[in-house]
Amino acid sequence: MRVALGVSGASGAALALACARHLARLGTRIDLVLSPMAERTLDTEVGPDALRELEGMAARRHDIRDLGATIASGSHPVAGMIVAPCSMRSLAAIAHGLDDNLLTRAAGVQLKERRPLVLLAREAPLTLAHLRNMTAAAEMGAVILPPVPAFYLRPHSVDEIVTQIAARAVDLLRLGPPVAAAWDGEG
Ligand SMILES: Cc1cc2nc3c(=O)[nH]c(=O)nc-3n(C[C@H](O)[C@H](O)[C@H](O)COP(=O)(O)O)c2cc1C
């Protein structure tokens, strides 16, 4: 089972690591692609070893300039793609079908092949352009999953919040039994 994991330069770089950990635990083969700004936010927000850890969980890291990579083609069998976190720039490129780098091209491939595409779109506050781009992506079939905490689960740490959001993203690919903690109805 293969999954494409795109990482763009929005805040929330830890989400990429959390998604990769869940996917690795499921035995998924990860095709990883990062934007240059994602490398910077990983370093700034998580630390100097973050990129190496992320790459260590991937079966393959693709160069974002390589539009001839496997995941640029609909013929390459992947179960879906998560972009975690998804910047407003990458969201805009996906929403408008620009396919201007391997991350946005692979995302566009999921849409054209009608495969799951989960965008952890992160910005605050949101402009009308951001909102319109989210609408356009959702209309094409993407799932917009803003990385906001599940307050009702009463998280104790940022790590718990990040792990929960990443689990929800992975579950939206419908690879198997749910990974995310579920509301038990008891409060
Ligand atoms: C520390 C840091 C945090 C950022 N956070 C965000 C963010 O939350 N959302 C966003 O859309 N852009 C954010 N940016 C700006 C993006 O990195 C920038 O728009 C970039 O062009 C995105 O390109 P990419 O989608 O190819 O990664 C941030 C930049 C830095 C350095």
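In the predicted model described here, helix H5 lies across strands S1, S2 (29-34), S3, S4 and S5, and runs at about 135° to S4. The sheet beneath this description is an open one of 6 strands, ordered S3-S2-S1-S4-S5-S6, with parallel pairing. Strand S3 (60-62) and strand S6 (143-144) stand at the edges, where each has a single partner strand, so that one side of each is left without a neighbour in the sheet. Strand S1 (residues 2-7) is paired with S4 in the parallel sense over 3 bridges, and Ala4 has Met81 of S4 as its bridge partner.

Helix H4 also packs on the sheet, where it touches S4, S5 and S6, and its direction makes about 145° with that of S5. Of the 8 residues of H4, 6 are buried, so this helix is largely enclosed by the rest of the structure. The buried positions of H4 are Met88, Ser90, Leu91, Ala93, Ile94 and Ala95, and they pack against S4, H5, S5, H6 and S6. Within this helix, Ser90 has a relative accessible area of 3%, and is therefore classed as buried, the cut-off being under 20%. When residues up to four places away in sequence are not counted, Ser90 touches Ser8, Leu103 and Thr104.

A further helix contact is formed by H2 (residues 36-46) and H3 (residues 50-57), whose axes come within 8 Å and cross at roughly 115°. On the H2 side the contact involves Glu39, Leu42 and Val46, which meet Ala50, Leu51 and Leu54 of H3. By residue class, this contact divides into 5 nonpolar residues and 1 charged residue, with no polar residue. The loop between H2 and H3 contains Gly47, which has a relative accessible area of 11% and is buried because this value falls under 20%. Gly47 and Ala14 are separated by 33 residues in sequence, and their C-alpha atoms are 9.8 Å apart in space.

Several backbone features of the model were also examined. Most residues other than glycine have a negative phi, and most peptide bonds are trans. Against that background, two cis peptide bonds can be described in turn. One joins Ala84 and Pro85, with omega at about -10°, and the proline of this pair, Pro85, is found in strand S4 (residues 81-86). Another cis peptide bond joins Ala124 and Pro125, again with an omega of about -10°; Pro125 is found in the loop that runs between strand S5 (117-121) and helix H6 (128-139).

Positive phi values are found in residues other than glycine as well. Asp99 has a positive phi of about 50° although it is not a glycine, and its place is in the loop between helix H4 (88-95) and helix H5 (102-112). The relative accessible area of Asp99 is 25%, and this residue is accordingly partly exposed. Arg114, which is likewise not a glycine, has a positive phi near 60° and is placed in the loop between H5 and S5. With a relative accessible area of 69%, Arg114 is exposed, because the value is over 50%.

The analysis of open space in the model was directed at its largest pocket. Rolling a probe the size of a water molecule over the atoms shows where empty space is left. The largest pocket holds about 280 Å³ of space, and its lining is made up of 17 residues, of which Arg122, Pro146, Pro147, Val148 and Pro149 lie nearest the centre. Helix H7 (residues 158-171) gives the most to this lining, contributing 4 residues. In terms of residue class, the lining of the largest pocket divides into 13 nonpolar, 2 polar and 2 charged residues.

Notes: Residues numbered from 1 in each chain as written. Predicted model: local features only at pLDDT ≥ 70, side-chain atom pairs only at ≥ 80, totals over all residues. Heavy atoms only, no water. Axes fitted to C-alpha atoms, helices over the stretch in contact; angles between N-to-C directions. Helix = DSSP H or I, 4+ residues; strand = E, 2+ residues; numbered from the N terminus. Contact = heavy atoms within 4.5 Å. Nonpolar A, V, L, I, M, F, W, Y, C, P; charged D, E, K, R; others polar. 1 Å grid on protein atoms, 1.4 Å probe; cavity = no way out; pocket = protein on both sides within 12 Å on 5 of 7 lines; lining within 4 Å. Points joined across faces, edges and corners; volume = space filled by probe spheres on them. Buried < 20%, exposed > 50% of the residue type's maximum accessible area, 1.4 Å probe, protein only. Pairing = 2+ DSSP bridges.
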